[in-house]
Amino acid sequence: MKVVFAGTPEFAACALRALHEAGFEIPLVLTQPDRPAGRGMQLQASSVKQYALEHGMEVAQPLSLRMDSKDPQRATEARAAHERLLALDYDVMVVAAYGLILPRSTLHIRPCINIHGSLLPRWRGAAPIHRAIEAGDCETGVTIMGMEEGLDTGPMMLVERVPIADTDTTGSLHDRLAELGGRMIVDALRRMEAGVLEAVPQPADGVTYAAKISKEEAKLDFSLPAELLWRRVRAFNPFPGAHGMVDGVAVKVWNAVLAEGSGAPGAVLAADTQGVVVACGGGALRMTELQKPGGKRLAAPDFLKSFPLSGKIFS
């Protein structure tokens with residue numbers, strides 16, 4: 001089969017790598033334009049683009065695929081991409097965390113299959129891994145689905161479940177789901193080749209939406225229950241990184257566990273080799289890995305050597 005691939009971050013690059021290593025021909029890769037990144041804000045190619053170029057694949061980076069865009073440049077690039085797809089000999093488009101909306105004009109050229117990091121219909125949308133951890137879900141998984149115009153509403157082709165451990169962060173869960181998604185899309189396309197890939201509609205019940213993560217959400221509100229804050233610390237690791245304010249300084253919290261204790265919300269109850277225990281609206285949170293602005297991520301004992309927290313208040 002000839003596969004057009006559309007994706008951008010590392011989650012998608014894992015799928016592209018799996019398809020390439022499985023021997024599928026990939027005549028075109030679509031990915032988002034290079035973005036400024038790092039302290040120097042230099043333009044950086046996406047993980048998908050880097051892999052594609054390393055392996056001699058053609059790459060296109062339109063700003064949009066919507067030919068009706070009011071922005072002339074976006075509309076022009078969308079028309080060029082559409083014409084390229086119409087002229088291209090391919091069998092299916094595989095989409096994984098592309099980040100651009102596929103309009104009807106694109107969806108109707110060839111079948112489009114999506115790799116989605118949740119157990120649909122739960123967590124449709126942009127941040128399914130973050131939201132599953134934040135909500136305290138016991139499991140998640142990957143759904144291979146047919147694409148249609150609705151947001152992650154298409155029929156399901158393959159589903160596999162993955163347990164969420166108490167130690168999982170978005171980073172660790174992302175890596176497991178990315179590898180699983182790569183294996184599953186190879187399986188799905190082989191079934192498609194054999195004519196045995198079936199699709200079933202999503203259930204009408206249980207629909208939830210995983211809204212995009214904002215940096216504003218990462219500020220910890222210690223009036224909330226400790227269990228919720230514990231889940232948010234894990235959900236926002238590695239992005240955007242949960243944090244609390246101490247004397248006007250934003251202290252990032254990369255890892256934490258639930259702890260015993262009570263007091264005024266935000267009060268530091270203990271700061272020792274075991275971690276920094278902070279009272280919450282219900283229960284307490286023991287922070288075990290922290291970071292000050294411009295510093296490195298440090299285990300709590302090392303962090304406290306240069307940033308004492310005894311008697312402090314997180315606001």
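**Figure 1. A hairpin made by β14 and β15, with two residues between the strands.** In this predicted model, strand β14 covers residues 268-272 and strand β15 covers residues 275-279. The two strands run antiparallel to each other and are joined by four bridges. To find your way around this view, start at D272, whose bridge partner in β15 is G275.

**Figure 2. An open sheet of seven strands with mixed pairing.** Reading across the sheet, the order is β5-β2-β1-β6-β7-β9-β10. Strands β5 (59-60) and β10 (156-163) are the edges, and each of them pairs on one side only. Next to the β10 edge, strand β9 (residues 139-146) pairs with β10 in the antiparallel sense, over seven bridges. A handy landmark here is T143, which stands opposite V159 in β10. As a reminder for following the side chains, in a regular strand they alternate between the two faces of the sheet.

**Figure 3. Helix α6 lying across five strands, β1, β6, β7, β9 and β10.** The helix is formed by residues 170-194. Beneath the title's list of names, the strand limits to look for include 2-7 for β1, 92-96 for β6 and 112-116 for β7. Relative to β10, helix α6 runs at about 150 degrees.

**Figure 4. Helix α7, a mostly covered element.** Helix α7 spans residues 226-235, and eight of its 10 residues are buried. The buried set is A226, L228, L229, W230, R231, V233, R234 and A235. What do these buried residues pack against? Their partners are the helices α5 (128-134) and α6, together with the strands β12 (242-246), β13 and β16 (284-291).

**Figure 5. A closer look at R231 in helix α7.** Is R231 buried or exposed? R231 counts as buried because its relative accessibility is 16%, and the cut-off for buried is under 20%. Apart from its neighbours within four places in sequence, R231 makes contact with I133, E134, A135 and G136.

**Figure 6. The second largest pocket, holding about 360 Å³ of space.** The pocket is lined by 14 residues, and those closest to its centre are K215, P240, G241, K252 and W254. Which element gives the largest share of the lining? That is strand β13 (residues 249-259), with three residues. Sorted by class, the lining has seven nonpolar residues, four polar ones and three charged ones. Strand β13 may look familiar from the view of α7, where the buried residues of that helix pack against β13 among other elements.

**Figure 7. S306 in helix α8 (residues 300-306).** S306 counts as partly exposed because its relative accessibility is 42%. For a sense of distance, compare its position with M184: the two residues are 122 apart in sequence and 47 Å apart in space, C-alpha to C-alpha.

**Figure 8. The whole chain, for placing the close-ups: eight helices and 17 strands.** Along its principal axes, the C-alpha trace spans about 70 × 45 × 35 Å. The chain has 315 residues, of which 49% count as buried. Among the contacts in the chain with a separation of 6 or more, 63% are between residues 24 or more positions apart.

How values were computed:
Residues numbered from 1 in each chain as written. Predicted model: local features only at pLDDT ≥ 70, side-chain atom pairs only at ≥ 80, totals over all residues. Heavy atoms only, no water. 1 Å grid on protein atoms, 1.4 Å probe; cavity = no way out; pocket = protein on both sides within 12 Å on 5 of 7 lines; lining within 4 Å. Points joined across faces, edges and corners; volume = space filled by probe spheres on them. Nonpolar A, V, L, I, M, F, W, Y, C, P; charged D, E, K, R; others polar. Pairing = 2+ DSSP bridges. Contact = heavy atoms within 4.5 Å. Axes fitted to C-alpha atoms, helices over the stretch in contact; angles between N-to-C directions. Buried < 20%, exposed > 50% of the residue type's maximum accessible area, 1.4 Å probe, protein only.
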